[in-house]
Amino acid sequence: MRVLVVGGGGREHALIKKIKESPKVDYIACCPGNGGISYDAECFDVAATDIDGVVNLAKEIKADFVVVAPDDPLVLGMVDALNEEGFATFGPRANAAVIEGSKVFSKDLMQKYNIPTAKYRVFDNVNNVIDYIKAENEFPTVIKADGLALGKGVIIPETLEDAIAGVKEIMEDKIFGDSGNNVVVEEFLTGPEVSVLAFTDGKCVKPMVTSMDHKRALDGNKGLNTGGMGTVSPNPYYTQEIAQECMDTIFMPTINAMNAEGRTFKGCLYFGLMITPKGPKVIEYNCRFGDPETQVVLPRLKTDIMDIFEAINDGTLADLDIQWDDRACACVIMASPGYPKSYPKGLEITGLTDGNLDGVTVYHAGTKLDGEKLVTSGGRVLGVTALGDDLQQALDKAYAGVEKIHFDNAHYRRDIGKLALDAGKNC
C-alpha cells in the first residue's frame with residue numbers, strides 16, 4: 001500500500017512510525033511533514049489545510065489510503081473532498097468533525113442527549129459574559145473560545161479581574177481569531193483528568209489504552225497552558241469500573257447522539273474526561289488523535305494499525321480484536337525556550353544520531369532540516385519517549401534520553417508522571 005499522512009507534528013510522526021511497522025505498507029508520504037519525519041516518509045511542501053493541494057498530491061503519488069491527522073483540515077472538510085475523489089481515508093467528515101470545531105455544538109449535544117459534562121452558558125457579547133461571571137462569582141472558572149485554537153483556546157482564571165481580562169483578550173483582542181466570536185463559560189470541575197482516545201466506525205467504539213497529559217508549562221502544574229508538555233500511559237485513575245461507566249454513559253451515547261444528528265463519526269474520537277466526585281464527565285471532545293497523547297498510546301499498540309484504519313473505513317471494526325502491550329510508556333516534551341509565548345527558531349539540535357538513545361524513540365514536532373543540520377522550527381520540538389516494565393522505568397529511560405539531546409536553553413518539565421506515580425502508590 002501507498003499511504004499519505006496529512007500533518008507535520010509529533011502526532012503525525014508517531015502515526016508514521018506505527019504505519020511503517022505494517023507489512024502492508026511499502027511507501028509513506030507526508031505533507032507537509034518536518035525535519036524528523038523526512039527520515040521516515042517522503043515529505044511534500046503542501047499545507048495540511050490545502051484541500052485541493054492534498055487531493056492533487058494523493059492523485060500524483062497514487063495513494064491507496066490517506067490519513068488526515070490534524071483538526072483544521074478535518075473541520076474544513078478534507079476527508080469529504082478525498083472521499084469524493086474515491087480515496088479511502090481515516091478521519092471524520094466535516095459534519096462530524098464539528099464536535100471539536102465548535103465547543104458550542106459539543107456542549108449543546110451533551111446537554112440534549114444527557115451526556116455528563118460541566119454546567120455551562122454560551123455568549124456572543126463581551127458585556128453579557130462579564131455580567132454572568134460577576135453574578136456567578138465562582139472561581140476558578142473556565143472560559144473557552146468556541147472554535148479551534150491550536151489546543152490553547154481555554155483559560156482558567158482564578159479571580160474576577162483575570163476573568164474579565166481573559167474574556168476581553170478572547171472576544172475583543174481576538175487572540176484566537178474568529179474562534180473567539182463566541183465563548184463558553186463552564187463550571188470548574190475537580191478530580192483527576194483522563195485522556196481516552198477511541199477508534200470508532202460510527203457503530204462500535206474500541207477505546208485505546210489511557211493516558212495522562214501535562215498541560216501546564218512548568219513543574220508542579222504551574223505556568224501557562226500549552227499544547228502538552230508530556231504524557232504517560234496508562235492512567236492509574238482509570239479503573240475497570242470507571243471504564244465501564246464511561247462506555248455506558250459517555251462513549252456509546254456520544255456515538256449514538258452523533259448518528260441521531262446525522263453526523264456519523266468515523267475515525268479517532270478523543271474524550272477528555274474529569275473523574276469528578278459525581279463520576280466521569282466530559283471536559284472536551286477532539287475529532288482526532290491527541291498530541292502528545294498519541295506518542296504514548298501508539299507505542300503500546302500491537303495490532304497492525306492499517307488493519308484498524310481499513311476496518312473503520314469499511315465499517316467492520318466490531319470484527320477486529322485490537323491488542324495492546326502491557327508495558328507503560330512515557331513521553332517528555334522538549335520545547336523551545338519561551339514556549340508557549342514567543343520563542344526563537346533555528347536552534348541546532350544535537351545528540352539524536354550518536355547511537356546512545358537505545359530504547360528511546362524521539363518523535364519530531366517542531367524541527368526542520370537546514371542543510372545538513374537539524375534545527376528547531378516550533379514551540380514543542382521533540383517528544384522523547386520510552387516503554388518500560390512499569391511507569392518509573394519508562395520515565396527513567398525517557399529522561400535519560402532527554403539528557404543526551406541538546407539545543408540551546410531547551411525547556412522541559414522534570415515532573416512528568418509524578419502525579420500518576422503517586423496515584424499508583426495510593427491505589
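Begin by selecting Lys215, which is partly exposed, with a relative accessible area of 26%. The model on display is a predicted one. Add Asp213 to the selection: Asp213 is buried, at a relative accessible area of 17%. Between the two side chains there is a salt bridge, in which the closest N and O atoms are 3.3 Å apart. Side chains of opposite charge can pair when their charged atoms come close. Across the model, the count of salt bridges comes to 19.

Next, select Asp40 and Lys20. These residues form a salt bridge whose closest N and O atoms lie 2.9 Å apart. Asp40 sits in the loop between strand E2 (27-32) and strand E3 (42-43), whereas Lys20 belongs to helix H1 (residues 10-20), so the pair ties together parts that are 20 residues apart in sequence. The relative accessible area of Asp40 is 15%, and this residue is therefore buried, the limit being under 20%. Lys20 counts as partly exposed, with 43% relative accessibility.

Keep Lys20 and Asp40 in the selection and add Lys17. Salt bridges that share partners join Lys17, Lys20 and Asp40 into one network.

Move then to Asp71 and Arg288. Their side chains meet in a salt bridge, with an N to O distance of 3.5 Å. This pair links distant parts of the chain, 217 residues apart: Asp71 is in helix H3 (residues 71-76), and Arg288 is in the loop between strand E17 (279-286) and helix H10 (294-297). Are these two partners buried or exposed? Asp71 is buried, with a relative accessible area of 12%, and Arg288 is buried as well, with a relative accessible area of 10%.

For the last stop, return to H1 and display helix H11 (residues 305-314) with it. The two helices pack with their axes 8 Å apart, at an angle of about 105°. Angles of 65 to 115 degrees count as roughly perpendicular, and H1 is therefore roughly perpendicular to H11.

Which residues should be shown as side chains at the contact of H1 with H11? On the H1 side, select Leu15, Lys18 and Ile19; on the H11 side, select Ile305, Met306 and Phe309, which they meet. The residues of this contact divide into five nonpolar and one charged, with no polar residue. The charged one is Lys18.

Conventions:
Residues numbered from 1 in each chain as written. Predicted model: local features only at pLDDT ≥ 70, side-chain atom pairs only at ≥ 80, totals over all residues. Heavy atoms only, no water. Salt bridge = Lys/Arg side-chain N within 4 Å of Asp/Glu carboxyl O. Helix = DSSP H or I, 4+ residues; strand = E, 2+ residues; numbered from the N terminus. Buried < 20%, exposed > 50% of the residue type's maximum accessible area, 1.4 Å probe, protein only. Axes fitted to C-alpha atoms, helices over the stretch in contact; angles between N-to-C directions. Parallel < 35°, antiparallel > 145°, perpendicular 65-115°, else oblique. Contact = heavy atoms within 4.5 Å.
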